[in-house]
Amino acid sequence: MKHRGTEGSHLDQFRITEAIVGAAIEVHRQLGPGLLESAYQRCMLEELRSRGLRTEAEVPLPLIYKNVRLDCGYRLDLVVAHAVIIELKALEKVPTVAFAQLLSYLRLTDRRVGLLINFHVSSIRNGIRRVVNG
């Protein structure tokens, strides 16, 4: 599952992440904190698509272990433009392992950039963290 470079340059990834942040701000402004992660996921999917970004939800992530493809039930919350993985949370405190989880997803898919977005915050800017592979 190699995807590095499918959407072009770092500038493209910057523009995509900038659009994702704008979408997260809009969703948070409309809904506020306190809902389930699944509600934010559906709204982010709608908001990103309305902005013209090709976005997929619940993308299966198989593991390749010793040349064997294993379906372990992992799913990527959102993938935008085949380039950026979004991991969504709706937690009072995001555990440190969530960053490692997103970094693992980036490595497994050979993607460079991911965003960890926690909607359970009073200001969404405090809930967005960029994670870079390599």
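**Figure 1. Surroundings of Asn-118 in the predicted model.** Asn-118 is buried, its relative accessible area being 5%; buried denotes under 20% relative accessible area, exposed over 50%, and partly exposed the range in between (1.4 Å probe, protein chains only). The residue belongs to strand 6, where strands (E, at least two residues) and helices (H or I, at least four) are DSSP runs numbered from the N terminus. From its side chain, Asn-118 reaches the backbone nitrogen of His-120 at 3.3 Å. Apart from neighbours within four places in sequence, Asn-118 is in contact (heavy atoms within 4.5 Å) with Lys-89, Ala-90, Leu-91, Val-94, Ile-124 and Gly-127. The model is predicted, with local features requiring pLDDT of at least 70 and side-chain atom pairs counted only at pLDDT 80 or more, whereas totals for chains, interfaces and linings use all residues. Residues are numbered from 1 along each chain as its sequence is written, and side-chain values use heavy atoms, with hydrogens and water left out.

**Figure 2. Ile-124 in the loop between strands 6 and 7.** The loop holding Ile-124 joins strand 6 (113–118) to strand 7 (128–132). Ile-124 is buried, with a relative accessible area of 5%. Beyond its neighbours within four places in sequence, the contacts of Ile-124 are Ala-24, Ile-25, His-28, Ile-117, Asn-118 and Phe-119. Between Ile-124 and Gln-101, the C-alpha to C-alpha distance is 21 Å, for a separation of 23 residues in sequence.

**Figure 3. Helix 3 (residues 97–109) and its buried side.** The 13 residues of helix 3 should span 18 Å at 1.5 Å a residue, and the end C-alpha atoms are indeed 18 Å apart; the expected span is 1.5 Å times one less than the number of residues. Buried within helix 3 are Ala-98, Leu-102, Leu-103, Tyr-105, Leu-106 and Thr-109. Because these residues cover an arc of only 155° around the axis, they lie on the same side of helix 3; the arc is that of the directions from the helix axis to the C-beta atoms. Strand 4 (75–80), strand 5 (84–89), strand 6 and strand 7 are among the elements that cover the buried residues. On the face turned away from the buried side, helix 3 carries the exposed residues Val-97 and Arg-107. Just after helix 3, Asp-110 adopts a positive phi of about 55°.

**Figure 4. Model confidence and residues 1–7.** The predictor's confidence in each residue is given by pLDDT, from 0 to 100. For the protein, the mean pLDDT is 93, and 92% of the residues reach 70 or more. Over residues 1–7, pLDDT stays under 50, and the model has 21 contacts beyond four places in sequence for this segment.

Conventions
A polar contact is a pair of N or O atoms within 3.5 Å; within protein, one must be able to donate a hydrogen and the other to accept it, and residues adjacent in sequence count only if both atoms are side-chain atoms.
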